[in-house]
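Reader: I'd like a close look at one part of this protein, the packing in its interior. Could you walk me through it in one go, and tell me how far to trust the model along the way?

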Amino acid sequence: MVATRIAIALALGLIIGMERGWQDRESPDGINSAGVRSFAFAGLLGGLSALLAGETGIFLLGITFLGFAATVVAAYVITARQGNDYGITSELALLITFVLGALAGKGHTAEAAAAAVTTVALLGFKKELHESLKRLDRSELIATIQLLLIAAVALPLLPNRSLGPWQAVNPRSIGLLVLLIAGISYAGYFAMRFLGPRAGILATAVLGALVSSTAVTLSFGRMAKRGQGSLALLGAGISLASGTMALRILLEVSVVNSALMPLITAPIALLAAVPLLAAAAIALRKPAEETTADVPLRNPIELGSALGFSGFLALLFILIRAVEAWFGNAGIYGLSALSGISDVDAVSLSLAQATKGNLPLSVGATGILIAAMVNTAVKALLAALIGGWKLARWCASILIIALLASFAAALAVNL
C-alpha cells in the first residue's frame, strides 16, 4: 500500500511535468526553472513527506512544504532575471504538484489523480482559454459571475424547509431547480455562441434547443417564410429541437427524482429518437442543401430571468398542491397541459419535485408526459402559423409519429 501511494505521487508529478516540459520545449537550456524530472521529484517529495509526517507529526509536512516553496521562489527569481519572463504558472504548478503528492501519500489517491488531471487540463488549454476570454463580452462575463453567485452564495443561504400554503414551497429546492435549468441553458448558449455560423441547421437546432426550443422553432419558421434554406431541413430542425427538449426533460427529471425514470424514459426517449432518426435520414438525402442558421438567443443567466423563473416555479408548486386538493388527478393533468404550452421545463421540474412528497409517481409521470406531448404539438402548430403548411408538413409528419410512438410507450408502462 505504501509503495502504491509513492508510485502514484511520482506518476502525478510526471504527468504534470510532461505538460510543462512540452510547453517549454523550445526555451533555451538553463532558462527553465523546472522540467519533467523536477515535477516528478516534487510529487515524490510531497508523497514521502506525507508518509513521514504520519510517523513524526504533521509539522514535518509543513516545514518541508515551506522549505520547498522557498526553493521554488529562489529559482523563480533567478530564471525571471535570466529570461525576462515573470510568469508564475510553472512555479504554482510545482507547489500544486507537491500538495498532490502529499495527498496521494496520505491515501487520497483518487482525489489527487482527479486534481492532477484538472491541473494538466488548465495548463494545456492555455491558448483556448485565452481565446475564449477574448471573445467574451461584458454581459456574458456578468452572466458567468451570476451563475457562480447563484451556486456558491445564494443557494447555500436559502432555507431548506417547506413554507407557504400546503407547505408547498421549499426555497432550497427552488434554488437547485433554477441552477439546473440555468446550467443547461448556459452550456447551450455558449456552445452556440462559440460555434456561430459554423453550425449547420441541424446542429443549430440541437444546440439552440438547449437554451430554447421555442426560439429555434420561431427562427426556422421565419427562415422558411423568407425562402431561406431547404424546407425539409428546416422542418427536420424544428422536430429535432423538439426532440432535444425531450432529452432535457429526461436529464432534469433524473436529477430531481430518479424514481420517475422507469415510468417516463421510454415515452420521452421516443419523442427524441424519432426526430433524431428522421433528421439523420433527411440530412443524408439532402447533404448539399445544408446551410447555416442564426438563432437569436438571450443570455440565459440574467438576474431578472432567474427571479422570474423561481417565482414561476413557486407558483407551480402551490398550484399543483391546490389542484390536487381541489380537483384530484384531473386537475394535475389539466395544469400540465396548460403549462406545457409555454414552459415544459417548469412544470416537469415542479411535478418531479412534488412526487418526492405526497404526489403519486404515476400521476407525476403522466403529468410530465402530457406537458411534453402538448409542447411537441405546439412546435408543429407554431411552424404552421409562421412558416406555412409546406414547412409544417415536414414537422407534422415527424412529430405526429413521435407522439404516437410516445403514447404507445406510455400505455405499455401503464400510465
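Author: Let's start with I268. Leaving aside residues up to four places away in sequence, I268 touches A246, L250, L369, A372 and S406. I268 is also among the residues with the most contacts inside the largest nonpolar core, a group that further includes F220, V253, I264, L313 and L349. That core has 70 residues, and helix α10, residues 231-256, gives the most to it, with 13 residues. Apart from this core lies another one, made of 20 residues, and A50, F98, L100 and A112 are among them.

Before going further, a word on trust: this is a predicted model. The chain has a mean pLDDT of 80, with 87% of its residues at 70 or more. Confidence is highest in α15, at 89, and lowest in helix α6 (residues 126-135), at a mean of 73.

Now back to S406, one of the residues that I268 touches. S406 is one of the buried residues of α16, along with L391, A392, C395, I398, L399, A402, A409 and A410. What do these buried residues pack against? Their partners are α9, α10, α11 (261-285) and α15 (361-387).

The geometry of α16 is worth a quick check too. The helix runs over residues 389-412, and its 24 residues at 1.5 Å each should span 34 Å; the C-alpha atoms at its ends sit 33 Å apart, so the two values agree. There is a kink in α16 all the same, of about 25 degrees and centred on C395. C395 is itself on the list of buried residues of that helix.

Next, take α9, one of the helices that α16 packs against. T217 has its place in α9, which covers residues 201-225. Is T217 buried or exposed? Its relative accessibility is 1%, so T217 counts as buried. Its side chain reaches the backbone oxygen of S213 at 2.9 Å. Not counting residues up to four places away in sequence, T217 touches I238, K379, L382 and A383.

One last stop is G331, found in helix α13, residues 329-342. Because its relative accessibility is 13%, under the 20% cut-off, G331 counts as buried as well. G331 and I320 are 11 residues apart in sequence, and their C-alpha atoms are 8.2 Å apart in space.

Key
Residues numbered from 1 in each chain as written. Heavy atoms only, no water. Core = buried A, V, L, I, M, F, W, Y, C linked by side-chain atoms within 4.5 Å. Buried < 20%, exposed > 50% of the residue type's maximum accessible area, 1.4 Å probe, protein only. Helix = DSSP H or I, 4+ residues; strand = E, 2+ residues; numbered from the N terminus. Contact = heavy atoms within 4.5 Å. Polar contact = N/O pair within 3.5 Å; in protein donor to acceptor, adjacent residues only side chain to side chain. Expected span 1.5 Å × (residues − 1). Bend = angle between axes of the 7 residues up to and from the residue. pLDDT = per-residue confidence, 0-100.
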